[in-house]
Each structure stands twice: as C-alpha cells, then as structure tokens.
Amino acid sequence: MDTCLLLDAGSGGLASQRLTAQCFLRHFANPLLARLDDAALLRDVHAPIAVSTDSYTVTPLLFPGGSIGTLAVHGTVNDVSMLGARPQYISCGFILEEGLSLELLESLVQDMAGAAKEAGVLIVTGDTKVVPRGACDKMFINTTGIGSIFADPTPSGHNARVGDAVLVSGALGDHGLTIMGSREHLSFLSDVTSDSAPLNHMIAEVINAAGPVHVLRDPTRGGLAATLNEISEQSGVSMLLEEEAIPVHESVKSGCSFLGLDPLYLANEGKCICILPENRAEDALAAMRASPYGVEAARIGTVVGDKACRVTLQTRIGGRRILSMPEGVPLPRIC
Amino acid sequence: MDTCLLLDAGSGGLASQRLTAQCFLRHFANPLLARLDDAALLRDVHAPIAVSTDSYTVTPLLFPGGSIGTLAVHGTVNDVSMLGARPQYISCGFILEEGLSLELLESLVQDMAGAAKEAGVLIVTGDTKVVPRGACDKMFINTTGIGSIFADPTPSGHNARVGDAVLVSGALGDHGLTIMGSREHLSFLSDVTSDSAPLNHMIAEVINAAGPVHVLRDPTRGGLAATLNEISEQSGVSMLLEEEAIPVHESVKSGCSFLGLDPLYLANEGKCICILPENRAEDALAAMRASPYGVEAARIGTVVGDKACRVTLQTRIGGRRILSMPEGVPLPRIC
Amino acid sequence: MTFETALHDPKLCRVLLARLTRALDGRSMRFMEVCGTHTVSIFQSGLRSLLPASITHLSGPGCPVCVTHDVDVAAFLELAGREKIVFATFGDLLRVPGPGGQTLKHAKAAGAHVEIVYSPLEVLTLAVSNPDNVIVFPGIGFETTAPAVAATLLTARQKKIKNFCVFSLHKLVPPALRTLLDEEGDNAANIEAFLLPGHVSTILGIAPYAFLADKHRIPGVVGGFEPADILLALCRMAEQLRDNAPAVVNAYPRAVNDAGNPKARALMEEVFITTDALWRGIGRIEQSGLAVRPDYADMDAAVRLGVRLVETPQQQPGCCCGDVLKGRIIPTTCPLFGEKCTPAVPVGPCMVSTEGSCAAYYKYLEH
Amino acid sequence: MTFETALHDPKLCRVLLARLTRALDGRSMRFMEVCGTHTVSIFQSGLRSLLPASITHLSGPGCPVCVTHDVDVAAFLELAGREKIVFATFGDLLRVPGPGGQTLKHAKAAGAHVEIVYSPLEVLTLAVSNPDNVIVFPGIGFETTAPAVAATLLTARQKKIKNFCVFSLHKLVPPALRTLLDEEGDNAANIEAFLLPGHVSTILGIAPYAFLADKHRIPGVVGGFEPADILLALCRMAEQLRDNAPAVVNAYPRAVNDAGNPKARALMEEVFITTDALWRGIGRIEQSGLAVRPDYADMDAAVRLGVRLVETPQQQPGCCCGDVLKGRIIPTTCPLFGEKCTPAVPVGPCMVSTEGSCAAYYKYLEH
Amino acid sequence: MCLAIPVQVVEFLEEGMVRVRVGESQTFLTASTMLLPVPSKIGDFLIVHAGFALHVLTEEEAMSSLSALREIADALNAKGTLDA
Amino acid sequence: MCLAIPVQVVEFLEEGMVRVRVGESQTFLTASTMLLPVPSKIGDFLIVHAGFALHVLTEEEAMSSLSALREIADALNAKGTLDA
Ligand code: SF4
Ligand code: SF4
Ligand SMILES: [Mg+2]
Ligand SMILES: [Mg+2]
Ligand SMILES: [Mg+2]
Ligand SMILES: [Mg+2]
Ligand SMILES: [Mg+2]
Ligand SMILES: [Mg+2]
Ligand SMILES: [Mg+2]
Ligand SMILES: [Mg+2]
Ligand SMILES: [Mg+2]
Ligand SMILES: [Mg+2]
C-alpha cells in the first residue's frame with residue numbers, strides 16, 4: 001500500500017474506489033453511504049428542515065483538543081442545531097493534496113467518524129478530489145448537515161427581543177487561541193485546548209427545559225463580538241453585557257495579553273449563544289450546565305431597546321464601552 | 001473598492017459581511033439565503049429526499065462552454081436528479097485564495113446564479129473561507145444539493161436488469177477534452193466545448209415519458225467506462241455495447257488521437273446514462289431528444305447476464321474487447 | 001491574587017477615582033498619553049467612561065504605526081513586493097495604508113511574502129529556514145522596541161546570519177514631546193499634563209523628560225498600563241497641578257527604575273545612531289529617529305537593498321491626523337471621522353492601527 | 001471520407017480478413033509486432049478477436065517505456081527528486097515502476113517537480129519560463145522520437161537556452177530484432193513473421209531490416225496502425241510464408257518511403273552516437289541505444305548532472321517480463337498475471353504502460 | 001504512441017512551424033517541419049510525431065491512397081464475394 | 001503594545017533564554033535576557049516586550065508592590081469611605 005496519496009485517488013477509477021472502500025466506507029460505515037449512488041436517499045427527514053454548510057481549512061490539521069476532522073463534524077452539527085433542529089445526516093467533500101500522508105488522512109477520517117458517532121449523525125454521501133501538490137494546503141473538508149427542526153417557533157438571529165437574557169454556554173476564545181498557539185514558530189506554550197464539541201444534545205435539552213428560545217448561534221469566526229453584533233443588527237436591538245460575567249479561561253487571558261488579542265473576538269467551536277425570555281434563563285442555564293459542554297454556562301447580559309443596534313460592555317472596573325464588530329482577521333499588535 | 005481579495009473577507013467580521021452582501025446575496029438573491037442564520041430553513045422538502053455533494057476544483061476556472069461556477073451548479077443538480085429527484089436547494093461553500101480577483105469572483109458567482117436560475121434551484125446557505133496565498137489554487141467550490149424524490153421506485157446503480165437497454169443522452173468526452181485543451185501549454189486548438197448542463201428537466205421528462213427507470217447516472221470522472229463498470233459491479237450484471245452507436249464528436253476523436261486518450265474515459269458534465277427495460281427505451285430516447293441537452297441521445301447497448309460484471313464493446317470493425325475500469329487519471333501516451 | 005486582578009479591582013479603581021476627583025477639586029485637566037498601550041487600555045477597560053467630565057483625554061503620537069510616514073510606508077511596500085524578499089513584521093503594520101490606500105495586506109494578496117512575527121528573534125529563525133531569501137524586518141517602534149532589534153542584529157552578527165536586515169524606522173519619544181510643546185508657539189494644544197509611557201521609560205528612566213517640568217512647567221508621570229496604574233498616574237498629575245508643583249515622577253516603579261535600563265541603552269547605541277525622522281501628521285523632527293550605524297550597514301536594508309524614498313502625494317483632503325496626533329482636536333472633530341474614514345476604509349493612520357486614537361474612538365465609543 | 005473512417009471500415013476489414021484466411025490456407029502463423037502503437041491498436045480495435053484462431057499474436061519489445069531498465073528508472077527518479085530540477089516528460093513514463101515499485105507519480109507526490117509535455121519543443125518553453133531551474137527531459141523512445149529530441153537540442157543551442165538537458169535513454173529497433181532472433185540459439189521464440197513498426201520505418205526506411213529475410217528467412221512487413229493497415233500487413237506476411245518467399249516490404253507507403261527520412265537521420269546522428277543499452281527483461285544489447293555526443297555534453301543530463309547508475313535489486317521473483325518481451329510466452333502464462341500483477345500494483349513494466357502487452361491483455365481481454 | 005491519422009497543412013507559422021488540421025475535425029495542432037526532407041505546402045498531408053512532422057505526402061498522393069482503400073472495400077459490394 | 005503583566009521566571013534555557021509564566025495561568029513564553037542589566041533568578045518577575053526581558057524585579061519586590069495595591073483597595077473596606 002502506498003504511504004502517500006497519488007492523484008489517481010481522485011480519478012474516478014479503481015484507485016478512487018480503493019480509497020473510498022479502504023478509508024471512507026470503512027470508518028463511516030453505514031448502509032446509506034454504502035449504496036454509492038450519485039446522491040444519498042434519505043427517508044426520515046421531515047419538513048421543516050435545517051441545512052447548513054461549512055468548509056474547514058484549519059491549519060494545523062491537528063491541534064490540542066481536536067483536529068480538522070472533529071471540527072468538520074462539530075461545526076456543521078452545531079450550525080444545524082442552532083435552528084432548533086436535530087442534525088441527522090452529513091455530507092462530506094474532501095479536497096486532498098497530492099502527497100498527503102495516507103496515515104494522517106485515515107486518522108482524520110477516524111476523528112470524523114468518532115465525532116459523528118458521538119453526535120448521532122450519519123455521513124451519508126461524499127466526494128473526494130485530489131489536487132496537484134501545491135494546489136491546496138494538505139486538506140480541506142466541506143460538510144453539509146441536514147436535520148428536521150423540532151423547535152417551534154424556530155430560533156433565529158432575527159428574533160432577539162428587548163428584555164431577553166443573553167447566555168453563553170461556556171468560556172470563550174479557547175479554540176482561537178489554540179490555533180494561534182499551534183502555529184509552528186510561536187515560542188508560546190499553553191494548556192489551552194480547542195473547545196471543539198457537538199452541541200446538539202445540549203441544545204435539545206435546553207429547548208426541552210426552557211421551551212423554544214429566541215436565538216441560538218455559535219460564536220465561531222469573529223467570536224462573541226461578531227456574533228452578538230450580527231444578532232443585534234438582525235433583530236434591531238442592542239445588548240448590554242457584563243464583562244465580569246463573561247467566562248474566559250485564565251490561559252486564554254494570558255495568551256491574549258501576550259499576543260495583543262481580545263478573547264471576545266476569537267473563534268469558538270463548542271459554544272453557543274442563547275437568547276431567550278428572562279424568566280426562562282435559569283432553566284436554560286441549568287440544562288446547559290447539566291451537559292459536559294455547558295458546565296461553565298453563564299448569563300452574560302441583556303437585550304435592551306436602543307435602536308442603534310450596539311453591543312455595550314460594562315467593564316470589570318465598572319466602566320462602559322462598545323464591543324464593536326471586527327473589521328477583519330484579528331492581528332496581534334506588538335510594537 | 002479593492003480589486004483583489006484580502007484575508008479579511010473570511011474573518012467573520014465587517015469585511016466578510018461586505019463580500020456576502022455585495023457579491024453573494026446580490027447575485028443569489030432569495031429570501032431564504034437572506035436570513036443569514038446558521039442554517040437555511042426549508043419548508044417544502046419532502047421525504048424521501050436525495051442529497052448529493054461535490055467539490056469543484058477545475059483548472060482553468062473558465063473554459064469553453066462553462067466555468068467552475070456553471071459546473072458547481074450543474075454537477076450537483078445532476079447528481080440529485082440521478083435519484084429521480086427534483087433538485088430544489090443548493091448550499092455553496094467557497095474556498096478562495098487571498099489575492100483572487102474580485103471581478104473574476106463576481107463573474108463566477110454570476111455564472112452560478114445563472115445556472116441555478118435555469119435549473120430552477122435556489123442557493124439557500126453558504127460559507128466562505130479565504131486561505132492565504134498559495135494555500136489553494138485560486139478557488140474551490142463545494143455545492144450540496146437537496147431535492148424531493150418523485151420517481152418510485154427510485155433509480156439506483158444497483159438496479160440494472162438483464163435485458164435492459166443502455167442509453168446515453170449525448171456525445172461523450174467533450175468536457176474532459178475541453179479541460180485538457182484549455183491547459184496553457186498545449187499547442188492545440190479545437191472547437192470542443194464543455195457539455196456542462198443541468199439535466200433535471202430532461203430527466204423529469206424521461207421519467208414522465210418512460211416511467212420509472214432502473215438506473216440513472218452521470219458519467220463524470222472516469223467517463224462512460226468507469227460509470228458502466230461501476231453499475232455492472234453494483235447490479236451484478238454485464239453489458240454489451242456497440243462502439244459504432246456511441247456518440248463521440250469528430251473533434252473529440254481527433255483530439256484524443258493526438259493525445260493518446262480514449263474518449264470513453266473522459267469526463268462529461270452534461271450527460272447521463274439511463275438503463276431501463278428495453279420496451280421503454282424508445283420513449284426515453286424520444287424524451288431525451290426533445291431536450292436541448294439530449295439531441296444526440298442514443299441507445300448504446302444492452303445489459304446481459306454474464307456474472308463476470310464486465311463491459312464488452314463490439315468494435316467498429318466488428319470485433320470485441322473489454323471496456324475496462326480505469327486505474328487512475330488518464331495520462332497521454334506519446335513515445 | 002495576580003497583578004492583573006489587583007489592577008482591575010473595581011474597589012481599588014473607585015478609591016483612586018475618588019482621590020483623583022479630590023485632587024482635581026473642581027478644576028479641569030487636559031492630559032495626553034503618548035503610548036498606544038495606554039490609549040487602548042483607557043478605552044478597552046472602560047476607564048474613559050469613568051473619568052471625571054472635567055478631564056480631557058488626548059492621545060498623542062504614541063502609536064508607532066500611526067506615526068510612520070507615507071514616504072516610509074511606500075518604501076517598505078516596495079521592498080516587500082520585491083522578489084526573494086521575505087518581509088517579516090509585527091502584525092500591527094499590515095493595515096497601515098501608504099499612498100493610494102495600499103497596505104501590506106494588499107501587497108501580500110498580490111504575492112509579497114509577508115510573515116507575521118511576535119519577536120525580532122523569530123526573524124532569525126526565518127532567516128535560517130529561508131536561505132535563498134533576504135529577510136527584511138521593519139524596525140518600527142520607540143525606545144522599548146529598538147533595544148530588542150539592536151540585540152537581534154548583534155545576535156545575527158554573532159551567529160553569522162547573513163540574509164537578515166532591518167529597515168529602521170524607529171522613533172524617539174522625547175524629541176516628539178519637545179516638538180508638541182515648542183511647535184508653532186508654546187504648547188498650542190494646551191496640554192496640561194503628560195501620562196508618560198511605561199515601557200519606554202523602563203529603558204530611558206525619567207531623566208529625559210525632565211524638560212517637561214523644568215522648561216514647560218508641565219507634570220509628567222510615568223504610568224503602568226492597567227486601569228489602576230493609569231488612575232494612580234492621573235492622581236499624581238492632578239496633585240501636582242493642584243499643588244502647582246510640576247515634576248517628572250515615576251508612578252510605575254514595579255517596571256521602571258528611575259535610571260532606566262543602561263544595558264539596553266548601550267546595545268541600542270552600539271547599533272543605532274540618532275537621525276532626523278519623518279512623523280506622519282507632524283513632519284520632520286530633528287534627531288527623533290534611529291538609523292543603523294555604518295558598522296552594521298550589511299544589516300541595514302536601506303543601504304543593502306537600496307531603498308529609495310520617494311515624495312508621496314499630499315495627504316487626503318480633510319484628513320486631520322496631524323491635529324489629532326498633536327492633541328489639537330479629538331477624532332470626532334475630524335470631518336471625515338466615521339463617514340469617509342472608518343476602520344474598513346481608513347483615510348488616516350489613526351484610524352487603522354488598533355492603537356490609533358481615531359480607531360479607538362470608533363471602536364469603543366458610541367458615535 | 002477520412003483515412004480514419006476508411007481504415008476502420010468493417011467491409012474493408014472483412015475483405016482483408018478473407019484474403020488473410022485464404023493466404024493462410026489452413027496453416028498457422030506466429031507473428032510479432034515490435035511497436036506499442038500496433039499492440040494497442042490490435043487490442044483496442046477488437047482486431048485481435050477477429051484474427052483467425054491459427055494466428056498467434058506476440059508483442060515484442062515495442063513499448064519504449066516497457067523496455068526502460070530498472071537501473072535507468074532509478075536514475076531518473078533520483079534526478080527528478082533533486083532540488084531545482086524540473087523533470088519534463090511524456091505522460092507515459094509516470095507509471096513506470098523502478099526498484100521498490102516507486103514511480104514518477106510517487107516522486108511527484110513527494111515533491112518532485114514533474115511536468116507532462118506532448119512535444120519536446122514544449123520543454124524549451126518550460127525552460128524559458130523557469131530560468132532558476134534546470135529542465136531535464138528523459139529521452140525515451142525509438143528512432144521515431146530520437147530525431148525530434150535531436151532537433152530540440154539543436155534548437156536549444158541555436159536559441160542559447162542553457163537550462164535544458166536530456167537524459168538520453170533512446171533505443172534502436174534493429175539491434176533488438178537481431179537479439180530476439182540470435183539470443184540463446186536461433187529464434188527461440190519461434191517467430192515466423194514480423195510486423196515492422198510504422199513510424200520508426202518512416203525514419204529508417206526498410207533497408208535496416210533486410211537481415212530478417214536475408215539471414216533468417218523471416219518475412220518483415222512495415223505496417224500502418226489502423227485495423228485495415230494491420231490486416232493488409234498480415235496478408236502480406238501470410239502470402240510470403242505461403243509462397244516461401246520471405247522479404248522485407250513496405251505495406252505503409254502513405255507514411256513510409258523505402259529510403260526513410262534522410263534529414264531526420266542526419267540530425268539524429270549529429271546529436272547522438274550509438275552506444276550499448278540496457279533493455280528491461282532482455283539485458284544489455286550492444287550498440288542498441290543512443291547517447292548524446294560529447295559536442296553536446298552541456299545538454300547531456302548524464303554528464304551535466306552527474307547521473308550515477310546503480311545496480312538495482314533482482315527483478316521480483318516470478319516476473320516473466322523478459323519472456324513476454326521476447327515472445328516466448330504470452331502474458332497470461334505468467335504466474336503473477338492478474339493476481340499479484342495488475343495495473344494497480346504492477347510487478348513488471350509490461351503491466352504498467354498503456355502499450356505494455358500484459359496491460360493490454362488485462363485491459364482488453366476477458367480473464 | 002504515434003499519431004496515425006495524417007494531418008493536413010492549413011497555415012505556415014513562424015520558425016518553420018505549421019498549423020495542421022486533424023482529420024475532418026476542427027482540431028488544429030502546430031508542428032515543426034524541421035525534420036521534413038522536403039518542403040511542404042498548404043494542403044499537404046503530414047505524419048506528425050511528438051510535435052514534429054516526419055513525412056509529407058501531397059494531397060493527390062493522399063487521395064489516391066484513400067481511393068485505393070475504397071476500391072478494395074467496394075470490391076466486396078461489386079462482386080458480392082469476399083475476394084479481394 | 002506592551003505586555004503589562006509581569007511574568008515569572010520558571011526555567012533557564014540555553015543562550016540566555018528563559019521560560020516565563022504569564023500570571024497564574026499555564027501559559028509559558030520564552031524570553032531573551034540579553035537586555036537585562038542584572039541577572040535574573042527563578043521566581044523573579046520580568047517585564048517582557050517583543051521577546052526580550054527589559055526589567056527584573058525580585059519575587060519580594062513584586063509581592064510587596066502587590067500588597068501595597070491590596071492595602072489601598074482594602075482601605076475602602078476598612079474605613080468604609082472612599083478616602084485613600
Ligand atoms: S478620522 Fe481618519 S482622517 Fe480624520 S483624523 Fe482620524 S484617521 Fe485622520
Ligand atoms: S504479468 Fe506482470 S510480472 Fe508477469 S510478465 Fe506481465 S508484467 Fe511481468
Ligand atoms: Mg455523479
Ligand atoms: Mg454553516
Ligand atoms: Mg459554522
Ligand atoms: Mg462526486
Ligand atoms: Mg454558525
Ligand atoms: Mg455528488
Ligand atoms: Mg457528481
Ligand atoms: Mg460558515
Ligand atoms: Mg517579496
Ligand atoms: Mg525536483
């Protein structure tokens with residue numbers, strides 16, 4: 001057996017069949033995928049449904065707390081969950097670089113399989129492209145998830161209402177800082193690990209305990225700041241947050257102080273924002289805290305009526321400032 | 001406005017929002033996409049459904065007869081159609097290289113929008129990653145398509161039966177040869193154009209006219225040879241083809257003779273194989289020929305009972321030989 | 001308890017605010033900080049919203065990125081775009097627009113090899129792993145950064161690393177303070193007190209600022225960067241003003257010796273020589289910059305790579321960065337602020353750097 | 001009507017088949033072709049399935065890729081893996097396994113810069129656009145290809161393109177035919193007639209094959225590549241055998257002059273000199289290869305890049321490529337065929353090239 | 001592998017290159033005439049290998065070789081037998 | 001931007017580098033001591049900028065400056081007033 005991937009594995013010929021059989025079918029094993037028709041045939045998906053897609057291009061492929069494989073499942077499972085849906089099925093498109101280690105590929109496929117198993121989703125259809133060396137950076141994965149929506153009314157970023165409580169399911173910035181810290185040349189050691197996690201079961205429990213919620217959203221790229229600003233815009237409301245209440249791990253704080261970054265702008269991959277009527281906030285928090293992925297859940301603020309669609313932070317020393325929408329990628333400041 | 005894409009456009013911040021608004025929302029314009037929640041909410045998708053995913057990595061991005069944009073819609077629309085489904089919705093994941101021309105991006109997004117419009121599908125959810133220069137070759141697109149299945153029983157590669165007729169909806173190899181001919185250094189001029197096309201309407205007409213069919217499959221990578229060998233394996237049957245009956249354009253034949261390639265192993269992006277009971281073959285052919293994408297449809301062979309799962313070709317001079325499964329990517333032979 | 005916790009302690013801050021209010025005793029105070037880290041801290045911590053209304057907070061030329069002149073930006077953009085050059089820089093610099101709004105981000109997108117580093121020492125690692133390229137590090141920063149860059153040059157020479165050089169654009173704080181006060185008449189911006197930079201002072205000590213009190217009778221207080229540090233420094237300023245006893249004092253003794261760091265100064269002087277420098281929005285200030293000494297010309301990008309400084313077009317009409325940097329206006333007074341000039345499409349450097357005062361106003365304050 | 005249509009005309013083929021059957025008149029005929037294009041055509045057109053059962057079809061050493069020796073493959077894999085080398089090759093070569101099953105595909109996946117070209121002239125374009133690299137073209141092929149490569153070298157010299165060189169592994173057909181017939185006694189494979197290569201003969205003409213009839217009394221017929229061309233050539237062989245009048249004749253006059261192409265031969269001789277060569281499965285054949293003349297040593301990869309030929313391990317046990325190439329057995333007789341040796345995991349070169357006879361058997365025939 | 005179909009010269013390009021048409025298709029290649037022993041003219045048929053023309057035959061020669069083939073095939077129809 | 005939190009020396013590395021711990025976290029950086037005017041020892045607190053330590057204070061100095069802060073804050077509690 002070859003140790004590295006040849007272009008042939010993307011040819012549609014025997015070499016493709018071998019990769020599919022020996023790697024994908026083997027680890028994703030399920031009868032729907034095994035049909036290998038042009039499309040998967042799904043019988044138990046019922047309208048209304050939620051569909052979400054994401055491509056995963058993270059570097060490095062492996063990092064403390066996860067890998068591109070776990071991320072590719074968790075990210076999409078979470079996006080589907082944010083509509084109050086039960087994620088059921090996932091499609092998976094690989095773009096692989098010629099020369100990729102087959103051992104590495106297999107271990108990442110195993111990560112995906114493990115993450116899918118935990119989340120209770122099946123990977124039912126896929127596609128593999130192999131591009132010439134230099135045409136992609138090792139591997140990219142796209143996943144698209146589908147699930148039947150059970151929450152009625154369906155949560156949406158447009159539904160935040162004045163007086164609602166703003167909850168977050170745990171500490172912020174772990175994933176973003178982990179990725180920065182995993183880049184080769186950083187002379188920086190930390191115990192931070194990515195929070196990559198599937199939130200579907202926790203979300204189901206939250207809706208179960210607290211009834212339909214107004215907004216669910218996972219604060220991924222752009223972090224808490226971008227996500228809350230988006231929701232404020234979409235719902236035409238403002239928010240007032242309590243800095244002291246926002247959970248951030250000590251190592252994330254210290255790593256950010258070294259790099260000149262703000263944890264509230266860093267990506268998370270296992271957290272959700274939940275906005276719901278104040279009187280159900282405690283039930284929702286209790287449901288979150290009962291999940292292994294929501295132990296540090298906290299209420300961090302309140303939706304207020306200011307039409308400026310602003311997110312304001314009450315700081316630790318008791319001052320106030322805007323938590324604004326970021327412009328681009330967070331850049332460390334040094335000089 | 002910038003003329004080339006910065007990493008910031010993938011940040012999740014304001015730069016991302018601008019790209020989304022000015023490019024994607026503008027051209028894909030539809031209210032489902034405009035919600036910009038974590039997932040699209042779809043109300044009129046009914047089980048059983050077909051879901052298919054493909055990533056598009058074609059080089060060059062623009063080629064005679066199409067672009068990565070048209071391909072990304074047609075390929076997925078076609079895969080969904082091959083299950084006897086009506087493609088309704090498409091998700092779209094872009095992986096873009098820092099420095100990409102924004103004008104080019106917009107023109108390719110317009111291609112997608114045009115293709116989606118013709119096929120009658122909506123692009124309802126998406127994702128955009130921008131990777132550093134050198135981490136991908138200009139752009140990749142993943143699309144995942146969903147549609148409700150109307151054919152009952154559902155066509156499948158497992159359903160070919162002895163005695164069935166094997167039809168193809170038109171001439172083979174156009175797409176594959178076009179792409180080879182578009183590579184920069186080839187001193188080779190041809191009037192071949194890609195056959196990239198949406199087949200959903202034609203497929204609906206075929207099923208309408210001929211009743212449920214046994215197998216539908218689009219002979220993309222690996223061409224007719226790989227596709228028919230796959231079906232033979234899956235269905236446990238053999239096939240006998242008539243070389244003279246297989247439509248191949250003169251320019252494809254001559255290009256292949258120059259490059260040492262076989263048109264039956266080249267990719268198609270607007271053709272389908274249809275296998276169905278002999279007595280309905282003429283109705284199916286008539287329905288294909290009534291579509292602009294099936295004018296050259298032909299019956300090319302018959303399913304036979306040989307358990308070896310072999311595809312045999314009756315050649316132009318009246319001989320016989322195997323049309324075997326390819327191993328890897330087609331390589332030109334010269335010396 | 002950590003320093004971080006202690007210095008953000010709301011109670012401590014309240015105590016210090018009360019002391020500040022008492023010291024002000026109804027009078028107003030117009031102070032300027034000249035360190036970008038102070039700027040960010042005052043906004044980010046929310047301290048600004050807690051300051052007594054009678055305090056006017058001005059951000060001076062304290063962000064090294066903001067004060068980098070168009071001419072120098074144009075020069076390093078040209079350098080970064082050359083073949084076989086790896087341009088290794090602190091992340092701050094990527095957004096700074098040169099003439100025509102072009103930045104290192106654009107250069108990178110167009111193919112320049114730009115690497116972000118956190119320490120000049122990492123640049124040496126890059127040099128070793130890219131033997132076919134010349135690694136150019138732009139020396140941007142004040143007296144805090146310059147010794148680190150000097151140490152890196154000395155290390156490169158010692159390790160015989162040949163493919164590394166520095167484009168020195170370092171600037172010095174005391175000459176800028178002199179200019180602010182002396183330009184166009186005495187203290188046109190009417191600055192009543194200076195919050196002096198913490199870590200610049202770690203290197204310099206407090207003597208170089210003596211002229212503030214001696215010549216201009218303006219208090220100068222070296223302060224730390226946490227809210228309580230800054231409040232303490234503000235108290236000391238207000239108290240000096242109250243007592244009409246201006247002095248230059250060190251309110252940040254845990255990081256600053258009054259004598260500074262003589263070793264760091266010695267290394268800096270070994271490698272660099274003072275020279276005139278262009279400050280964005282301010283113009284040429286005599287002996288306010290650091291150039292690489294001729295002894296180290298092989299590591300001086302300006303010499304080795306033949307950098308040509310070219311006159312750049314006039315600043316965009318309406319841009320008031322100069323007045324902002326000199327403390328004459330606050331950002332919101334600029335007619336372009338928030339309209340034609342935003343972090344997405346910055347007109348001036350004060351809007352682009354995370355430590356720029358226009359950016360801080362835009363990012364942290366309601367507008 | 002085109003040549004293509006005419007030469008695949010089923011009626012024409014039936015006419016020729018009838019003529020062939022008549023000429024055979026119940027006798028058997030064991031013929032060998034020594035051109036890979038003939039091999040592919042006979043299988044791909046289905047002609048093989050139409051030949052009378054009394055004809056035995058053998059594929060000789062006619063695929064230039066198949067006969068490339070392990071030692072040479074190892075050498076060019078090493079070359080391709082070097083830094084600053086662009087290895088520009090016809091696509092055929094990518095699958096050829098060297099020692100340990102490694103191929104150019106593997107080298108490419110591991111980082112070698114491999115480019116596929118369709119003409120050696122394209123290599124010059126590559127050379128111009130990659131001035132920092134040396135472009136190595138492996139000269140693989142018979143007398144058809146060698147003049148084209150010679151012309152390319154001459155063009156490179158004329159255009160003063162310095163970063164281009166050829167690793168010449170060209171081989172000559174007539175010496176191989178002599179070896180097949182003379183090795184280990186006279187004609188051990190019992191070949192009764194040769195289908196002589198079409199385009200090799202375009203260059204050589206028919207004189208170099210005269211020894212077949214003169215010395216060995218074996219018919220040799222130069223044939224074209226379409227089914228009707230081949231059938232016609234088979235008729236001519238069968239008729240000679242029937243008439244016991246062996247001769248070397250040209251049944252492909254539309255592409256071959258009896259005198260060949262003197263200009264192409266002259267250019268080939270200007271650049272190359274005959275030398276001993278290693279043939280896979282056969283071994284060393286004296287004066288059967290072409291080396292670059294010392295006058296062109298600057299474009300000879302072997303000299304310029306210091307190629308070292310290293311003894312390679314023994315062929316895998318059980319591999320019968322030698323016997324296949326010499327016509328002593330047909331591929332299905334090899335114990336590895338279709339089991340341990342398939343196009344996916346080829347043991348010998350005959351299974352890997354699209355023109356290899358084992359590959360043709362595997363690909364086109366039921367097994 | 002050898003391009004067996006003769007291609008027809010349609011245009012002279014610079015530096016001894018010609019543009020040729022493959023069969024009756026709209027596929028055109030460029031080929032060098034550097035190895036041709038005699039000059040070629042528009043309409044000539046060439047045998048091309050790896051970008052170089054190796055052999056030239058005039059249009060008349062090509063047509064007569066085509067009709068020879070045609071005649072053999074037609075013999076079948078005319079005589080109604082398999083003799084040729 | 002300046003790293004304002006003093007970091008604590010936990011280990012000496014080669015070539016004058018030290019490993020330091022940031023605050024009470026498990027985050028560790030390396031820093032050069034090349035610019036330090038006096039040698040540092042394990043437990044010392046450093047001011048680090050761009051990978052170089054610029055200033056050293058002993059553990060006792062650090063602790064006493066911390067408790068000074070603490071005392072000011074506690075004054076509030078003790079006296080129950082805003083005076084300091
Ligand atoms: S708002 Fe913009 S133009 Fe105005 S001073 Fe600030 S940076 Fe300059
Ligand atoms: S089957 Fe394989 S091992 Fe046997 S002769 Fe052919 S190539 Fe060699
Ligand atoms: Mg398909
Ligand atoms: Mg998504
Ligand atoms: Mg997501
Ligand atoms: Mg696919
Ligand atoms: Mg999301
Ligand atoms: Mg698909
Ligand atoms: Mg497909
Ligand atoms: Mg997304
Ligand atoms: Mg460069
Ligand atoms: Mg190489």
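Let me begin with a term: by donors I mean N, O and S atoms within 2.8 Å of the metal, and because water is not among the atoms, sites may look incomplete. Please keep in mind throughout that what we are looking at is a predicted model.

With that term in hand, we can turn to the magnesium ion (ligand 8), whose donors follow the spacing S-T-D-x24-D along the chain. In chain B, these are the OG of S52(B), the O of T53(B), and an OD from each of D54(B) and D79(B), at 2.4 to 2.6 Å. Here D54(B) belongs to strand 2 (residues 49-56) of chain B, while D79(B) belongs to helix 3 (residues 68-81) of chain B, so the pair ties together parts that are 25 residues apart in sequence. Since buried means under 20% relative accessible area, D54(B) counts as buried at 11%, and D79(B) is buried as well, at 6%. D79(B) also bridges two metals, the magnesium ion (ligand 8) and the magnesium ion (ligand 3), which lie 5.3 Å apart.

Let us move on to ligand 1, which is surrounded by 13 residues, the closest being C319(C), C321(C), C334(C), C341(C) and C358(C). Sorted by class, this shell holds 12 nonpolar residues and 1 polar residue, with no charged ones.

Finally, a word on the rings. Over all chains there are 21 aromatic pairs, and one aromatic cluster is formed by F24(A), F28(A) and F94(A). Charged side chains also sit over rings: R178(C) lies over the face of F211(C), 4.2 Å from the ring centre, and K363(C) lies over the face of Y265(A), at 5.2 Å from the ring centre.

Notes:
Residues are numbered from 1 along each chain as its sequence is written. Chains are lettered from A and ligands numbered from 1 in the order in which they are written. This is a predicted model: local features need pLDDT of at least 70, side-chain atom pairs count only at pLDDT 80 or more; totals for chains, interfaces and linings use all residues. Side-chain values use heavy atoms; hydrogens and water are left out. Donors are N, O and S atoms within 2.8 Å of the metal (3.2 Å for Na, K and Ca); water is not among the atoms, so sites may look incomplete. Helices (H or I, at least four residues) and strands (E, at least two) are DSSP runs, numbered from the N terminus. Buried means under 20% relative accessible area, exposed over 50%, partly exposed in between (1.4 Å probe, protein chains only). A residue is near a molecule or strand if one of its heavy atoms lies within 4 Å of it. Ala, Val, Leu, Ile, Met, Phe, Trp, Tyr, Cys and Pro count as nonpolar, Asp, Glu, Lys and Arg as charged, and the others, Gly among them, as polar. Rings of Phe, Tyr and Trp (its six-membered ring) pair if their centres lie within 6.5 Å; planes under 30 degrees apart count as stacked, over 60 as edge-to-face and the rest as tilted. A charge sits over a ring if NZ of Lys or CZ of Arg is within 6 Å of the ring centre and within 35 degrees of the ring normal.
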